[in-house]
Amino acid sequence: MPIKVPDNLPAQATLEDEGILLITEGAAVRQDVRPLEIALLNLMPEKIKTETQISRLLGATPLQIELTLLTTSSYAPKNTSAEHMLAFYQPWEAVRGRKFDGLIVTGAPIETLPFQDVVYWRELKQIFDWSLSHVQETYNICWGAQAALQHFHGVPKYELPQKMFGVFPHHVRGGRDTLLRGFNDVIPVPVSRHTEVRREDLPSQSGLEVLLESDESGLCLIRDDARRQTYMFNHLEYDTRTLADEYNRDVAAGAEIHLPAHYFPENDPAQDPTNNWRAHGSLLVCNWIYNLYQSTSFELVDIPQRRQAR
């Protein structure tokens with residue numbers, strides 16, 4: 001089944017060229033089905049790229065999905081045009097009375113800032129609490145995952161001596177019956193972050209389950225069943241050249257940056273990298289959507305309230 005995106009969203013043309021099944025708002029209203037309603041809180045500066053990456057994964061699932069794009073009410077993005085934001089995004093305050101089957105919270109390039117110094121931290125904490133009563137499942141990515149883990153469990157993040165950057169092998173530790181159904185024992189995952197959370201800081205009685213972990217880059221995926229939260233610290237949604245674009249951007253800016261590990265053939269940035277993680281990215285999101293479909297209420301108003309933050 002297709003994913004319903006807002007009419008004229010820039011991602012639409014890209015995804016149609018790739019053969020992703022899409023349905024416009026006009027066509028969707030003529031179909032007598034209840035799609036899964038997924039909200040995307042997009043905190044990334046290059047919002048169109050992130051919209052496309054997330055829509056691509058959602059569009060590969062077997063269920064019809066309606067995507068609602070959200071932004072914070074307390075911060076106006078500076079790297080995306082006001083016209084794009086006005087045409088396609090709603091502030092969270094405008095939808096806080098609604099319920100959603102799923103919520104996806106992206107990362108943000110502010111990970112070295114203390115959480116409390118982030119302009120929209122107070123609002124984001126409200127959104128996390130709101131998700132417990134208004135969302136069936138939440139999928140948090142990168143800094144968004146660190147922020148949610150801090151909010152719900154008080155888990156700190158640590159700044160790394162250098163950027164963790166590359167495509168690292170990750171071991172499956174659990175979740176084969178749910179999120180990691182069908183996964184290989186070891187999978188490649190793109191990593192791009194300046195901070196980390198550590199296994200020893202996870203509260204022992206919290207019910208947190210580590211699902212993916214790397215000997216080189218540390219924790220990757222954690223499941224929190226009590227709050228129906230998933231914490232993904234890395235980027236299975238990345239395009240083939242996303243890490244290359246980050247590397248070239250930093251080189252052009254004169255920043256200190258090393259080659260992304262296990263990425264360029266022969267460690268030569270002039271050679272095109274190969275995408276060896278796309279299948280597992282699609283499978284993870286398909287499993288997340290399948291589990292969501294199995295557990296969500298037929299009517300959104302019946303979504304139960306979860307346990308509040310500590």
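This passage describes a strand and its partners, two pockets, a helix residue and a group of aromatic side chains in a predicted model.

A convenient place to begin is strand S10, which covers residues 208-214. Of its 7 residues, 6 are buried, so the strand is largely enclosed by the rest of the structure. Strand S10 has antiparallel partners in two strands, S8 and S11. With strand S8 (residues 158-172), the pairing rests on 2 bridges, and here His-171 faces Glu-213 of S10. With strand S11 (residues 218-224), the antiparallel pairing extends over 6 bridges. Leu-208 has Asp-224 of S11 as its bridge partner, and the connection from S10 to S11 is a hairpin of 3 residues.

Strand S8 appears again in the lining of the largest pocket, where S8, helix H3 (47-58), strand S9 (186-196) and helix H8 (242-252) each contribute at least two residues. This pocket holds about 960 Å³ of space. Its lining comprises 37 residues, and those nearest the centre are Lys-163, Ser-192, Tyr-238, Glu-246 and Arg-249. Sorted by class, the lining contains 13 charged, 13 nonpolar and 11 polar residues.

The second largest pocket has a volume of about 280 Å³. Among the 19 residues around it, Leu-43, Tyr-75, Pro-109, Ile-110 and Tyr-120 are the closest to the centre. Here the lining divides into 12 nonpolar, 4 polar and 3 charged residues.

Two of these central residues, Tyr-75 and Tyr-120, lead on to the aromatic side chains. Across the whole structure, 11 aromatic pairs are found. In the pair made by Tyr-75 and Tyr-120, the ring centres are 5.9 Å apart and the planes meet at 50°, so the arrangement is tilted. Tyr-75 sits in the loop between strand S4 (65-71) and helix H4 (82-88), while Tyr-120 belongs to the loop between strand S6 (100-105) and helix H6 (121-134), so their pairing ties together parts that are 45 residues apart in sequence. The two tyrosines also carry separate burial labels: Tyr-75 counts as partly exposed because its relative accessibility is 31%, whereas Tyr-120 is buried, with a relative accessible area of 7%.

Another aromatic pair is formed by Phe-115 and Trp-143, again tilted, with 6.1 Å from centre to centre and 40° between the planes. Phe-115 is placed in the loop between S6 and H6, and Trp-143 in helix H7 (residues 143-153), so this pair ties together parts that are 28 residues apart in sequence. Both Phe-115 and Trp-143 are buried. These pairs come together in one aromatic cluster, whose members are Tyr-75, Phe-115, Tyr-120, Trp-121 and Trp-143.

Finally, helix H9 (residues 278-295) offers a polar residue to look at, Asn-291. The relative accessibility of Asn-291 is 18%, and the residue therefore counts as buried, the cut-off for that label being under 20%. Leaving aside residues up to four places away in sequence, Asn-291 is in contact with Thr-178, Leu-179 and Arg-181.

Methods: Residues numbered from 1 in each chain as written. Predicted model: local features only at pLDDT ≥ 70, side-chain atom pairs only at ≥ 80, totals over all residues. Heavy atoms only, no water. Buried < 20%, exposed > 50% of the residue type's maximum accessible area, 1.4 Å probe, protein only. Helix = DSSP H or I, 4+ residues; strand = E, 2+ residues; numbered from the N terminus. Pairing = 2+ DSSP bridges. 1 Å grid on protein atoms, 1.4 Å probe; cavity = no way out; pocket = protein on both sides within 12 Å on 5 of 7 lines; lining within 4 Å. Points joined across faces, edges and corners; volume = space filled by probe spheres on them. Contact = heavy atoms within 4.5 Å. Phe/Tyr/Trp six-rings, centres within 6.5 Å; stacked < 30°, edge-to-face > 60°.
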